[in-house]
Each structure stands twice: as C-alpha cells, then as structure tokens.
Amino acid sequence: MSASVSLAILGGAPLFERPVEIGQRYFPAWAEYEGMFRDIFERQYYTNHGPLTQELERRLTERLGVKHAICVTNEFIGLVLAGQALGVRGNVVAPAHAFVGTVQSLAWTDARPLLCDVDRETGMMTADLVSPLLSSHAVAAILAVNPWGDACDVSGLQALAERHGIPLYLDSSHGFGCAVAGEPMGTFGAIEVISLHSDNVLGAGEGGVVCTQSDELSAHIRNTRSSYGMGRAVSVSKTGNGRMSEAQAAVALFNLDHYAEYQQRNARLFGMFEAGLANISGLEVRVPTGVSQSNYQNLILLVDEEVLGLRRDDLWKILRAENLLAGRGYYPSPGHPAIASYASKSRNLPNSEFYCARTIELPMNQALTELDVARVIDLLAAIQCNGGTIRRKIAELM
Amino acid sequence: MDVKTKAEDFALFGGKPLFDSIRSTSNLVRPDFNKFLTYSRIFFEEGQYSGEGPVERLLDSRLAEFHQAKHCVSFCSGFWGLVLGMESLALKGRTEVVMPSLTYRRLADAVAWARLTPHFCEVDPVGLCITAATARPCINDKTALILGVHPIVNCCDSEGLEALSAEFGIPLLIDAVESVYETLNGRRVGSFGRAEFFSLHASKFLNGFEGGYVTTNDQSLAEQLRALRNNGSGSDAAGHMPVMNGKQVEIHAAMALAALDDVRNQVELNRQRYYRYKTELASVPGLRLLEFDESEQSGYKNIVVELLDEWPISRELTLSLLHKDNMLCRAYYHPPLHKKSTGYATISGDLSRTDALALRFLTLPCGFFVSEKDVAQVCSFLRAISSHGAALAERAARVS
C-alpha cells in the first residue's frame, strides 16, 4: 500500500498510537519524583526563596558564569521584571519573528515594540537590521531573541547598543546550555532571561531565570519579585509576584544534574533527523550556527512548498493526523493579533513572514525513541515522494 | 505558671526564647502526601507539566464547586490573577480603583500593574473593612472598578458593595484571599461581585506551593481570563488587552487539590486553636480578640488582637518582644497603603480612621505549626507582658 493511501489524514491509522508532542518534557522518573517531594514534605518549606531555590540559583550562577541568576515562576514574568528594572519606556526594538509573549512583555512596562525584520539566512535579528531603526526612531532599548538553541548576532547587537547608549536585553528562552564563542548564554546583554518551561531542555515544570552581571539590576529584580530573597533593599516603583516555588526548584535541580545526558540525547536524535532528512528535497533541517555549543532542543524544518509539492499547513495537518503534534514555530507572528494590534506601526517584514510561513517544528522530547525518529523520517520521505498525489487527495477532501 | 516572671526572662533582654523554632502567622499546612502523589500521577502519566493540563482543569472544576461559583480560572499566583481580573473588569476610559488602604501591602501595586490608580477609602471601625458607606464618597466619574477586600477575620459586606456597584454601574471585584471557607448570609464566598480572587500561596488557607485563582459566574469573563493568562491564545477573548503567561503549574495544582481534600480537618484544627486563644486571652487584660462571627461558616485561620488603651507597652515593643522569643507576629496592615511611598500616583482623602486603626492591631501565631499547647504559651507570654509592662517599658527605654 502506498504511503499516500495509508496516511491518517486520508483515513489510515495514525502512525503513533498516542500523541507525540513538541517540547522537551524532561522530568524525573516517578520514584525520583516521589523521593524529592517526600523530602519537601518533611522539610515543610514550600516557597519564599527556600533552600532548593537558593541552591538552584547558586548552581545556575556557577554553571552560567554569571554574577546573578534570579529564579522566577515563569520566563514571561522574568522578561517583565527585566524590562521594569531597565526602566524601558517608549520604543523597544524587538524581532518580528518571535513568540507573542516576548513582544507582549513590553506592554507591561509601558513600552512599545518597534518590530525589526530578521535575517533571511538565520531567522534572527542582526545589528545591520536594527541599526537603521535606531537612526529613524527614538529607541529606549533592544530586546533580542535567541531561538531554537541558536544565537542571534549578540556581539554585533551589544556593540550597537553601546554605541547608542541604550540597553540590550535578551529573551533566550530556548538557550540554556548554549554558548556563543565559548561564552555561556546567560552572560549577554544587560539582562538575559532563560525559560525553565518544561518545553525547554532545563525544565522546572514551568519557570525562568533572569541573569545579569549588574548588582543594581539584580537588586531591583529581587526586590520586585518578592520580599523573600530580596537581598539589599532598594526602592522599586511597584512590586510584582515572581517567586519560584520549592517544587519548581526541585524539578529544575534534578534536570540540571542530568543536563549533559539530555544534551547528548538531543544531539544524537538531532543528528539522526539531520542525516535522515538530508535527501528529502523541500525540507531543510535548520542547524544552529550562531553558537559554539547548542542544546539541540528544537528540531526546526523549513518547508519549500514549491519543491515539496505541498503547502506547509497541509504538511502540518498531515503530521498532526498521524498523532505527530508538530508546531509551526512562531506562526502567526508577526501577524498575531496580539502583536499586530500593538506594534508601533506595521512595517515591511518579509523575512519574518517567510519564516512564519515555512517553519515546522518536530517533536524532540523525553519520550521520543530512535525508532520513533526513524519512523518520522520514513513518513516524511514517503510524503515527499507522493507530494503531488497527496495534494490532490487532500484537495478532494476539502 | 507564667513563662516569664521578670523583664530579664524575655529574649529581648537576654532570656531564653520561649520557642526554639519560629511560630509564625503563616498557615503552611502539609496536605496528605499520598493524595499529593495521586494527583501528581495524573499529569505525570500525560507528560504535561504546565499550561492548562489535566490537574489544573480538575482543580478549577473542584474549586468552582467548592465556592459554588460557575467558573474558576487558576493562575501562577493570586497577584497576577488579580491584575488580569482588574484589567478585564475595569470600565474602559476610566482610571480609578476604589479600595481600602488598610489592607495587604502589595494590593495597590497590583492596581498599578493594571495601569489603574488606587483611590483609597476608609474602613469600617468594627469590621476593619471597606463597606458601601466607606467606598461611596470615593466614587466619581473616573471610577473604573470597586475592589472589595475581605479583612482577615470575618467578611466585608459583599452584598452592600454589590448594591453600590449596581447603583453606579461600576464593576465589583473582591479580594477574598482571607475568606476561602467563609459564608455571608449562608452563601459561600466565591460568587459575589463580578468575580472574587484567592491565593494558593503556602502561607494561605489552601497550600498549593504557589498560585491563585479567580471565581466568577460570568462565562465570558472566565474565557477572557483564560486567554489573557495564556498569551492570548485560543480565542479572540483577550481582545486588545495586554496578555501574559500567568498559567498554573501542574505540580502546584496537585498540591492545591490535596489541600482541598483536607479542608475540613484543617478548619477543625484552626477552630481548636482559636477557641484556645479565646479561653486564654480572656484572662489577659488590655487585649481584645477579634471574634469570628459564629452565625456564619468560618475557616478560623487568623488570630487578630486589638491592643486596648490599658495595654501597658507600645505595639512596637510588643512586636519586638514577640519576635525575639520566636513568635513572628505582624502589625495588622501597617503601614496602611496610603502612607507608603510608591512609584505611581495614588489618591486619598482624609483617612484618619485608617491611620488610627493601623496602630492598634496585631496578628498572633496560627496555622499548622502551632499546637494548642503553643497557643497557651503565647497567651502566657502576653499575660507576662501585661503583668510586667512598666518594667519592660523602662528596660526598653534604657536599652535604646
């Protein structure tokens, strides 16, 4: 039976019995979970900058080589606290190809995103793209994004920000464990925020860590986050709850102990995908290039619809029907209503739109086996071979 | 026998502390571990750790049922639930939130995050809370929202505030953090006003590690809050308002469910502590226990006393003595919010009653870590202060 006939979207049985989701989802095994929470229940210390949160902050400080690592309940709130600490108001340059939350974090500090297009080759912001915006607009700060285990032009942006006397801060949600020219992510810009959401390689269930070398910014963020663990008291315009609980810290500490294993596993599966998909025309595996080390936590494909003979969104639907719950990257950014309605003005953003229209994210998670990867590669190969037939059959269904 | 017989026995003046570990005013209830594991197993099997997962959905439905409200939406904290609630409910084009000043120290900050301006009102001298009568003079053509707040013992008159809200067409949102178990005229707190919000912080009535929730009978508000807390995704319900990640974590939801299963037991223990305080404090002159209204259902969690005029020493010295003997008691909402310096504008008129009340009350140790025997010791300690007040005041004056 040909692949086109057996596809689930055309009535066949799904390739995977249970949904296979994107996001890393590394988590302790049950016995380990039980043990760590038994300890918490015995200690009866549940939150308020408890011993595990303090240990996590100490370990992250060491690991990232950064002076201050401030753990928070999620990355979004970390970005908001960062924006408030920097006092950003007015225009902030941010990439149009980004998660909606990155851009929306600005709304909470009375700033407005001035959307910048991304580089066609990398999908990320560069100093060359930002520079004209700094000449044409009054800009308070640059908020850059390091997506997908890769890094944008951090040194170029840093130099540009310094020349203009404005802060650069970074949303490095996917960046734990990555390094740029040997320097760990977490050390760049005035503030760098890394996500500890379970979708990322270092998961706390949910969480974030705000990194900075500045004592002043750290004091501001700690004093805003909570009265516990605030260190030196400084005046802040308003406080906002950003505490991480002991439950979150316990999971993150476990995952931190296992990071090397996760990274190697990701790299191995990533390598399998890369090799297996190399000969499938119309699908390009996006390989992290701006980094000296990557966590390989995101498997991103760029779809060439002409060559593949299928629309990206049809491929996405086909995969989802197979219980392979692929994502579409930052789609529909910059067209997301929560971005479009709020950005300073609509601009020509062809490369951002290019990426949003072409991205497919494949699952790369704890449950995924090498056999699963092989099956996904075979599926994609079959889809590519039969692109025309599948397209016609899907069209008939519509 | 009194625990302290002379000034030198108090830890502030060199004596041995009454307790060898802290007795605080935080609840810190430890739910049943196996129940926590049972609820944890649900998200563990699904491999979903955050973001509208199965345990959070279960928690939301259980809490809605518990509060006899149609909907419940949980958040990473009560604070951000409140911010999003205000953002949703505030009348567009208006800027002020009428709220008490004698309340939680961060409450005005939440108003500022919602880009609104706190307009502080007086409180009722008996209930220590906002009422329709104290809120009414602050209502004007800029009022966007009335923020009712239950005090930490008993409830504010939500029905009176509802009538005020209806009269002016201004939405009412209620801070019910301290009234999870309470009823008002027999009706469970949770469905008054347009919405009520609660905390699941470990120090509160239900320990969910961290977290909070909003209850409402308004389905469109519930949908809007779900969209706002989840980066606007899933619907157009967020409108054009700023969105955020304010989602609950599954582990926290599992903890909160285990705590919810244990509520009756905790209330009984709280009641026993409260009754012990009531009995013991009857023989301490100069202190008045704020009594729970026994015609309603109560959680009996917080213990608040008023220092009457005959109390021999200042509240400040009383608190210093308690702290040094390892009783982490707190001045009741001091300083009031209108006295704090903030990075945002606030509005307040004459709040002399709030100023006076803010000097008179303090909270006493309560919660899971405090036994009935501890309560007796705390009261004995207070009795000793009452007996040796002059010596303590003189000794303190010498030290300073």
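Two residues are taken to be in contact if their C-beta atoms, placed from the backbone, lie within 7 Å. On this basis, in the predicted model described here, helix α10 of chain A, formed by residues 259–277, lies across strands β11 and β12 of chain A and runs at about 150° to β11(A).

The two strands beneath this description belong to an open sheet of three strands in chain A, in which the order is β11-β12-β14 and the pairing is antiparallel. Because β11 (283–285) and β14 (359–362) of chain A each have a single partner strand, they stand at the edges of the sheet, and one side of each is left without a neighbour in it. Neighbouring strands of the sheet are turned against each other by 30° on average, when direction is ignored. In general, the strands of a sheet pair through backbone hydrogen bonds, in either a parallel or an antiparallel arrangement. Here, β11(A) pairs with β12 of chain A, residues 299–303, in the antiparallel sense over three bridges, and the bridge partner of A:L283 in β12(A) is A:V303.

A helix pair was also examined in chain A. The axes of helix α3 (residues 51–64) and helix α9 (residues 246–257) of chain A come within 8 Å and cross at roughly 40°, which makes α3(A) oblique to α9(A). The crossing in which α3(A) passes α9(A) is left-handed. On the side of α3(A), the contact is made by A:L52, A:T53, A:E55, A:L56 and A:R59, while α9(A) contributes A:E246, A:A249, A:A250, A:A252, A:L253 and A:L256. By character, the residues of this contact between α3(A) and α9(A) comprise seven nonpolar, one polar and three charged.

Elsewhere in chain A, A:P113 is placed in strand β4, which spans residues 111–116. With 24 other C-beta atoms within 10 Å, against a threshold of 20 or more, A:P113 is therefore classed as buried. The C-alpha atoms of A:P113 and A:R286, although 173 residues apart along the chain, are separated by 27 Å.

Between the chains, the contact takes 38 residues from chain A and 39 residues from chain B. The elements giving two or more residues to the side of chain B that touches chain A are α1 (33–46), α3 (78–89), α4 (107–113) and α8 (250–261) of chain B; of these, α1(B) gives the most, with five residues. The residues on this side of chain B divide into 20 nonpolar, 13 polar and six charged.

Key. Residues numbered from 1 in each chain as written. Chains lettered and ligands numbered in written order. Predicted model: local features only at pLDDT ≥ 70, side-chain atom pairs only at ≥ 80, totals over all residues. Pairing = 2+ DSSP bridges. Helix = DSSP H or I, 4+ residues; strand = E, 2+ residues; numbered from the N terminus. Axes fitted to C-alpha atoms, helices over the stretch in contact; angles between N-to-C directions. Parallel < 35°, antiparallel > 145°, perpendicular 65-115°, else oblique. Left-handed = near helix turned anticlockwise from the far one by under 90°. Nonpolar A, V, L, I, M, F, W, Y, C, P; charged D, E, K, R; others polar. Buried ≥ 20, exposed ≤ 12 C-beta atoms within 10 Å, placed from the backbone.
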